Amino acid sequence: MMSLSPNRRTLLRSAVGGAAALTIGGVTMGRATAATAPSATQISTSVLDSTALYFVSYDGLVNNNAFQKNGILTYNGYQYAVWYASDRNATVARRALGSTTWSKVTVGHTLKADDSHNVISAGISPSDGRLHLVMDSHSNGYFYVKSVAGLVSSPASHSWTAAQFGSVQTSMDGVALTSTFTYPQFIVSPQNRLQLSYRTGISGNGQAALAEYNGSTWSNLGNWTSNTGTYTNTHGSSSFRNLYLHGLDYGSDGALHVFGTWREQNGAVTCGADLTNHDTVYFRSTDYGRTWKNSAGTTVGTTGSSLVTVNSSGIIVDSLNPDHALMNQESQAVDSNNLPHALISYVPGRFGQCITSYEAGRIAYARPFHIYKDSSGTWHKTEVPVAMNSTQRSQLVLDAYNNAYVIMPFGRIVAASASSSWTDWAVLYDGTSTLNAFGEVLVDHTRIAQDGVLSILYQEKSTGTTTPSPLHVIDFQLPV
């Protein structure tokens, strides 16, 4: 595999040598040299909840942890959002696209613990038009609710009331999955089946798994990564781990793409760092997550039987040891040419080769990096020349022209054009001082493909440690 080193000359040029910019309504526009250049024009803002639940846990909030992925989504002319209200009730809202008025209901479950991992994830099954929610679990039992059939496929003919949702369950309609459940993510397969990705086990000793809903019943497809095997570097060895996924995305050709990073159980593999994340890996499935291939097309695992391991061949696309505060579960996307892109962040070596404090190191020095595979099969990596100033994650989206947008903590949008091979990164919008956003944000990845609107869900910083604060959605028009 070729070495991936950032193009520092390009970084410097894009950071300090760009043309003059024009600011309109808080949106900083770069040179309008082509109709397909990236742009983000604010078109609306709305309030989901003026007093949403607020507590900080693991440096995050339970209502906008970026690994939640499915906290806001769009289907058939309506947008849906999920969160916990100040009374801890699991809440789901909808609005017609173009409206700033949300209708909300509670679904009969209250958050059991002040743990920001216990997010709500929403999914839609196109075959029967149901909305599904999985919630409130961190390495223990989960809670599941589904709507009546047709609620999202025929929204205008269904009132938005709690009666449209069934009873709260502790299984997927009788399919138990696991008692150590975390990180639910829904995705719809090209077969129109709703798939649920999750982790079974715990941090440093867990496995990625898949379940699937065929329109009437759930089935557990099983685990597809292994938690065992030996990882060894110059510091030491570790025998247990888990794979954190950056996401799951289907291309238009039906292939499923997954990036991830490993977390080791044994801290002996670090220089004394307090985080054991290492390497960015990539997998591809052409049979809806049943078998997994590396970047070269070689099969490296089969769900439910022959599992992917830390030693599987050809899976590393960016090698990095555990000494650089590499973030887990950042973001990914697939472009219109069915080529995979990922966003990762860590402390580059120029700031030190041993970051012992994850929190201090990332706030002071962490930078995002864009990784993508070109049509010849070569992987590329470019540093996004904007400091994170945060311990937290960013989100990656692509517009209709494959321009890339990184939505960073505090409500910052940084973009690069496909025509530059994603090297001309520039800040399009900076809401740091105006939004008062806590940090991580959620992005509606489904809406961009439908009308080119980037919807960002964020929660304001609290005036105290647990004082409820407003939860917002802000919308930007991207090129269409």
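How many of the nine residues of strand E12 are buried? In this predicted model, the count is eight, so to speak a strand that is mostly covered. E12 spans residues 194-202, and a good way into the structure is to look at what sits on either side of this strand in the pairing.

On one side there is strand E11, made up of residues 181-188, which pairs with E12 in the antiparallel sense over six bridges. One of the contacts can be picked out by name: Val188 has Leu194 of E12 as its bridge partner. The hairpin formed by E11 and E12 has five residues between the strands, and within this hairpin Asn192 takes a positive phi near 65°.

E12 also pairs with strand E13, residues 205-213, again in the antiparallel sense, and here the pairing runs over nine bridges. Ser197 has its bridge partner in E13, namely Leu210. Just two residues lie between the strands in the hairpin of E12 and E13. Gly204 has a positive phi in that hairpin, near 85°.

Turning to the aromatic rings, the structure holds 18 aromatic pairs. In one of them, Phe351 and Tyr365 have ring centres 4.9 Å apart and planes at 20°, so this pair counts as stacked. The two partners come from distant parts of the chain, 14 residues apart: Phe351 belongs to the loop between strand E24 (340-346) and helix H2 (358-365), while Tyr365 belongs to helix H2 itself. Both rings' residues are partly exposed, Phe351 with a relative accessible area of 27% and Tyr365 with 35%.

Tyr429 and Phe476 make up another aromatic pair, this one edge-to-face, with 4.8 Å from centre to centre and 65° between the planes. Tyr429 lies in strand E30 (residues 426-430) and Phe476 in strand E33 (residues 469-477), so the pair ties together parts that are 47 residues apart in sequence. As for cover, Tyr429 is buried because its relative accessibility, 4%, falls under the 20% cut-off. Phe476 is buried too, with a relative accessible area of 1%.

Rings can also join up beyond a single pair: Phe67, Tyr183 and Tyr244 are linked by ring pairs into a cluster. Tyr183 falls within strand E11, residues 181-188, the strand that pairs with E12. Finally, a charged side chain meets a ring at Phe369, where Lys381 lies over the face, at 4.9 Å from the ring centre.

Conventions:
Residues are numbered from 1 along each chain as its sequence is written. This is a predicted model: local features need pLDDT of at least 70, side-chain atom pairs count only at pLDDT 80 or more; totals for chains, interfaces and linings use all residues. Side-chain values use heavy atoms; hydrogens and water are left out. Buried means under 20% relative accessible area, exposed over 50%, partly exposed in between (1.4 Å probe, protein chains only). Helices (H or I, at least four residues) and strands (E, at least two) are DSSP runs, numbered from the N terminus. Two strands pair if DSSP finds at least two bridges between them. Rings of Phe, Tyr and Trp (its six-membered ring) pair if their centres lie within 6.5 Å; planes under 30 degrees apart count as stacked, over 60 as edge-to-face and the rest as tilted. A charge sits over a ring if NZ of Lys or CZ of Arg is within 6 Å of the ring centre and within 35 degrees of the ring normal.
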